[in-house]
Amino acid sequence: MVLSLVVCHLSYGVAQTASSYYQPGVTAEGAIYFLPKTAIQITVQIEKSTYTPGDFCKYAERYLRIKGVSPTPSVSYRITAIRQEAIAVADTTKGFAVKFDAKTSATNVRLSDDGILLAINAEPKKLDAPQKYTPAPRSAAINPRQYMSEEILAAGSTAKMAELTAQDIYEIRESRNLLVRGQADNMPKDGEQLRLMLNQLDQQDRAMTSLFTGTTVNDTTEHTITIVPDKDINRQILFRFSQKLGLVDQDDLAGTPYYITIEDLKTVPAPEPVDPKKKGKQVPGVYVNIPGRLRSTVSNAKEALVTAEFPAGQFGNVELLSGALFNKRYTTRLWLHPLSGAVEKLEAEQPK
């Protein structure tokens, strides 16, 4: 259906909607619009882990048989996710004007905030905006010293405090095991009370054990990089990443490079050359995209990590819808895809 509309002949015997190249804007005489091109938003989700050693870290192996506990604070980073999403941006090389005429029906032109044509005589379709990352609320930190007995707090040395704390930890674990087996002297009356008691014992165990093993706090952030391709891109450095520093500048050799590759899939034939005599002349109608497709791949030095395909107006052609569609003999409604600028739906009804 779209192709038949694109190649239909213009009829100059009827009032028509005229289009020509202009800067974007809106006037009383008409609407000046852009067609869209596709930009790729690459979002990198990074987790930062901050390790703080416990007060009794050097006694972890002696009293709790836990090996390899570091006494040194540290910060590390890791990439947890990479995703790609397509967004539309105005293609400033494809600016046109729809001229309003009293004899035409193209009087309700709907544009996006940046001047992209979305619909004529119709309510435009909305694309879901990319979801923003919302970190989960962090649990309140527990002070393990609130579980220390008077004997532990009164100990004369760190070594003695560690020994007494380890004894309490083993007692907590023994109490939990007795509850689970149903062998405790004072068993709870119901399942909910049992659950609460076990949760309290687990919390005490984790808090006091952290004095030996230390604590690790994780913070997750997202970083978005936008690429607007106008031609193929072959393994261009997208960002660099360091396990010690996180995301770093593209020229910072402390980070490992990650690459972006953009391929024009050439799904649309190349446009025919424009006749120099006709270039820049006003032609009746409404211009729309016949979009091509692109493939975007994010990779590291070893392998491709994320690959996706999207429609891309910049890798396609521009075609003309006859202005005769918008004369008063028809009630014409046009919807364009907000990402690609292609005709998504066209209704041309002749009044009864």
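**Exercise 1. Contact between two helices**

Task: In this predicted model, which residues of α4 meet which residues of α5, and how are the two helices oriented?

Solution.

Step 1. List the contact. On the α4 side, the residues are Ala162, Thr165, Ala166, Asp168, Ile169, Ile172, Arg173, Ser175, Arg176, Leu179 and Val180. On the α5 side, they are Leu194, Met197, Leu198, Leu201, Asp202, Gln204, Asp205, Met208, Thr209, Leu211 and Phe212.

Step 2. Sort these residues by class. The contact of α4 with α5 has 13 nonpolar, four polar and five charged residues.

Step 3. Recall what is needed to describe such a pair. Two packed helices are described by the angle between their axes and the distance between the axes.

Step 4. Find both values. Helix α4 covers residues 158-181 and helix α5 covers residues 191-213. Their axes come within 10 Å and cross at roughly 155°.

Step 5. Interpret the angle. Angles over 145 degrees count as roughly antiparallel, and α4 and α5 are therefore roughly antiparallel to each other. The crossing of α4 and α5 is left-handed.

**Exercise 2. The sheet of five strands**

Task: In what order do the strands of the five-stranded open sheet lie, and which are the edge strands?

Solution.

Step 1. Begin with β8 (residues 233-242) and β9 (residues 246-248). These strands run antiparallel and are joined by three bridges. A hairpin of three residues leads from β8 to β9. Across this pairing, Phe241 stands opposite Leu247 in β9.

Step 2. Look at the pairing of β8 with β10 (residues 256-264). This pairing is antiparallel and has six bridges. Here Gln236 is placed opposite Ile260 in β10.

Step 3. Continue from β10 to β12 (residues 286-299). These two strands also pair in the antiparallel sense, over six bridges. Ile262 stands opposite Ser296 in β12.

Step 4. Write down the full order. It is β9-β8-β10-β12-β13, an open sheet with antiparallel pairing. The edge strands are β9 and β13 (304-321), each of which pairs on one side only.

Step 5. Add the twist. Neighbouring strands of this sheet are turned by 30° against each other on average, direction ignored.

**Exercise 3. The sheet of four strands**

Task: How many bridges join β14 to β15, and where does β15 lie in the order of its sheet?

Solution.

Step 1. Count the bridges. Strand β14 (residues 331-336) and strand β15 (residues 343-349) run antiparallel, joined by six bridges.

Step 2. Name partners. Trp335 stands opposite Lys345 in β15, and Leu336 has Val343 as its bridge partner.

Step 3. Look at the link. β14 and β15 form a hairpin with six residues between them. Gly341 in the turn has a positive phi of about 80°.

Step 4. Place β15 in the sheet. The order is β5-β6-β14-β15, in an open sheet of four strands with antiparallel pairing. β15 is an edge strand, as is β5 (109-111), and each pairs on one side only.

Step 5. Add the twist. Neighbouring strands are turned by 15° against each other on average, direction ignored.

**Exercise 4. A salt bridge**

Task: Which residue forms a salt bridge with Lys37, and where in the chain do the two partners lie?

Solution.

Step 1. Recall the principle. Side chains of opposite charge can pair when their charged atoms come close.

Step 2. Identify the partner. Lys37 forms a salt bridge with Asp230, and the closest N and O atoms are 3.2 Å apart. A salt bridge requires these atoms to be within 4 Å.

Step 3. Locate both residues. Lys37 is in strand β3 (residues 30-52), and Asp230 is in the loop between β7 (215-227) and β8. The pair links distant parts of the chain, 193 residues apart.

Step 4. Give the total. The whole structure has 18 salt bridges.

Key
Residues numbered from 1 in each chain as written. Predicted model: local features only at pLDDT ≥ 70, side-chain atom pairs only at ≥ 80, totals over all residues. Heavy atoms only, no water. Axes fitted to C-alpha atoms, helices over the stretch in contact; angles between N-to-C directions. Parallel < 35°, antiparallel > 145°, perpendicular 65-115°, else oblique. Left-handed = near helix turned anticlockwise from the far one by under 90°. Contact = heavy atoms within 4.5 Å. Nonpolar A, V, L, I, M, F, W, Y, C, P; charged D, E, K, R; others polar. Pairing = 2+ DSSP bridges. Salt bridge = Lys/Arg side-chain N within 4 Å of Asp/Glu carboxyl O.
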